[in-house]
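Work through the following exercises with the coordinates open, and try each task before reading its solution.

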Amino acid sequence: MTEKVLYEELCPAEFKERVEVCPVAYLPLGTLEWHGPHMPLGADGIQAQELFKRVARNVGGVVLPSLFLGPDRIYHDPNREFYGMDICTGGTVVPYEMHQLPGSAYWLPDELYQNMIRQIAANLARAGFKVLVAHGHGPSTWQFCDLKAELKEKYGLDCYCAFDFYKDEVMGYQCDHAAANETSITMAVRPELVQLERIAEGKEEPIAIAGRDPRIHASEEYGKEVLEINVKAMSEGIRAMFS
Ligand SMILES: [Zn+2]
């Protein structure tokens, strides 16, 4: 049987034992967000959760369910709002007009997100955790990192994101938007969910994809390399905290 690491699957005695051995909680910072025509809408949470599951099996700790609400840039026009990749800011594979991308349903204001993180941290500290590792959607990860000192002071939680264990523009974990990096990671962890042919054969425009072109640079091999490097770095980092 594969070792259970998901919070929602543990019985209380199993939970207690895991937290005593390794008091680390892993929080996938997901979205329900357009990730190109070729990727699942929950790509952010899926990638983060798959990384955390592997690390938790290596060193212990408990993986939380993915959040699917997160902050992002927003633009209000008189009739409606556009957010995140709806707004083309450059650095994308192809240019496009600002419009509401199908499937995106994740935005919340910065303050509300930060309060949600504070409340999650309060609950996790109460449950016995000493370390919180959160990672995923870019703006969610950055804003989580901005709260590190406060979460330590108020709840005694040491907080980290994946970039604290390994940082690199190409081999880092989730360091673009639906481009070569995120596409390859998703191909490595959930190959059945990636439909590269949608953009590779020109059927659909590769809009709202930021980073290196996945049609040229994405591969399962690259994704596996990124995954392996990051699982190793995070596992070693966490192991060192408790040795
Ligand atoms: Zn993403």
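**Exercise 1.** Find the spacing that the donors of the zinc ion follow along the chain, then classify the site of the zinc ion by its angles.

Solution. The donors, meaning N, O and S atoms within 2.8 Å of the metal, with water not among the atoms, so that sites may look incomplete, follow the spacing H-x8-D-x137-E. This is a predicted model, in which local features need pLDDT of at least 70, side-chain atom pairs count only at pLDDT 80 or more, and totals for chains, interfaces and linings use all residues. Residues are numbered from 1 along each chain as its sequence is written, and side-chain values use heavy atoms, leaving out hydrogens and water. The protein donors are His35 (NE2), Asp44 (OD) and, listed twice, Glu182 (OE), at 1.9 to 2.3 Å from the zinc ion. The angles among the 4 donor atoms run from 56 to 136°, and the site is irregular; four donors would count as tetrahedral if all angles lay between 85 and 135 degrees, or as square planar if opposite donors were over 155 degrees apart and all others between 65 and 115.

**Exercise 2.** Decide whether histidine 35 is buried or exposed, and do likewise for aspartate 44.

Solution. Buried means under 20% relative accessible area, exposed over 50%, and partly exposed in between, with a 1.4 Å probe and protein chains only. Histidine 35 has a relative accessible area of 0% and is therefore buried, and aspartate 44, at 2%, also counts as buried.

**Exercise 3.** Which residues is isoleucine 238 in contact with, leaving aside neighbours within four places in sequence?

Solution. Taking contact as heavy atoms within 4.5 Å, the partners of isoleucine 238 are Cys22, Val24, Tyr26, Val55, Val59, Val133 and Phe165.

How values were computed: Donors = N, O, S within 2.8 Å, 3.2 Å for Na, K, Ca; no water. Tetrahedral: all angles 85-135°; square planar, octahedral: opposite > 155°, others 65-115°.
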